[in-house]
Amino acid sequence: MNPDARQAFPHQRSEGTPEHLTSVTEKGAFAFARCSCGWFSPARRSRERARRDADEHHATATA
């Protein structure tokens with residue numbers, strides 16, 4: 001597989017409204033969170049930080 005290929009990680013948050021379904025994706029050495037509403041996080045070297053970004057966005061967007 002191409003090392004620059006994007007890979008989805010199991011962290012997906014599907015509860016809440018359909019406008020805010022988050023997931024964490026990896027591209028090369030970086031991971032980033034994205035949401036079905038169009039939001040995305042900065043690229044992170046830490047997958048855990050990308051997951052935290054997704055959780056924070058989900059909490060803020062659905063509050």
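**Exercise 1. Find out how the contacts in this predicted model spread along the chain: among contacts between residues at least 6 apart in sequence, what share joins residues at least 24 apart?**

Step 1. Keep just the contacts in the protein whose partners sit at least 6 apart in sequence.

Step 2. From that set, pick the ones joining residues at least 24 apart: they make up 20%.

Step 3. Now put the elements next to that number. The protein has three strands and one helix, and starting at the N terminus the order is β-β-β-α.

**Exercise 2. Work out how much of the protein is buried and what its exposed surface is made of.**

Step 1. Start with the residues. The protein has 63 of them, and 29% count as buried.

Step 2. Move on to the surface. About 4100 Å² is exposed.

Step 3. Look at the atoms behind that area: carbon and sulfur supply 52% of it.

**Exercise 3. Take the salt bridge between E26 and R47: how many residues apart are the two, and which elements hold them?**

Step 1. Check the pair itself. Side chains of opposite charge can pair when their charged atoms come close. Here the N to O distance is 2.9 Å, and the cut-off for a salt bridge is 4 Å, so E26 and R47 qualify.

Step 2. Place the partners. E26 belongs to strand β2 (residues 22-27), while R47 belongs to helix α1 (residues 47-61). They're 21 residues apart, and the pair links distant parts of the chain.

Step 3. Ask about cover. E26 has 13% relative accessibility and counts as buried, because buried means under 20%. R47, at 39%, is partly exposed.

Step 4. Put this bridge in its setting: the count for the model comes to five salt bridges.

**Exercise 4. Compare that with the salt bridge of E48 and R51: where do these two residues lie?**

Step 1. Find the distance. The closest N and O atoms of E48 and R51 are 3.3 Å apart.

Step 2. Locate the residues. Both are in helix α1, with three residues from one to the other, which is about one turn of the helix.

Step 3. Read off the accessibility. E48 has a relative accessible area of 45% and is partly exposed; R51 is partly exposed too, at 24%.

**Exercise 5. Start from R49 and E56 and trace the network: which residues does it join?**

Step 1. Begin with the bridge between R49 and E56, where the closest N and O atoms are 3.6 Å apart.

Step 2. Follow the shared partners. Salt bridges tie R44, R49, D53 and E56 into one network.

Step 3. Check the cover on each of three members. R49 is partly exposed at 24%, E56 is partly exposed at 41%, and D53 is buried at 6%.

Step 4. Look around D53, which sits in helix α1. Setting aside neighbours within four places in sequence, D53 touches A33, W39, S41, P42 and R44.

**Exercise 6. Describe the surroundings of S46: is this residue buried or partly exposed?**

Step 1. Find S46 in the loop between β3 (30-35) and α1.

Step 2. Use the accessibility: 35% makes S46 partly exposed, because that value falls between the 20% and 50% cut-offs.

Step 3. See what the side chain of S46 does. It reaches the backbone nitrogen of E48 at 3.4 Å.

Step 4. Look further back along the chain. S46 and F32 are 14 residues apart in sequence, and their C-alpha atoms are 8.9 Å apart in space.

Definitions and conventions:
Residues numbered from 1 in each chain as written. Predicted model: local features only at pLDDT ≥ 70, side-chain atom pairs only at ≥ 80, totals over all residues. Heavy atoms only, no water. Salt bridge = Lys/Arg side-chain N within 4 Å of Asp/Glu carboxyl O. Helix = DSSP H or I, 4+ residues; strand = E, 2+ residues; numbered from the N terminus. Buried < 20%, exposed > 50% of the residue type's maximum accessible area, 1.4 Å probe, protein only. Contact = heavy atoms within 4.5 Å. Polar contact = N/O pair within 3.5 Å; in protein donor to acceptor, adjacent residues only side chain to side chain. Areas by Shrake-Rupley, 256 points an atom, 1.4 Å probe, with all protein chains shown as cover.
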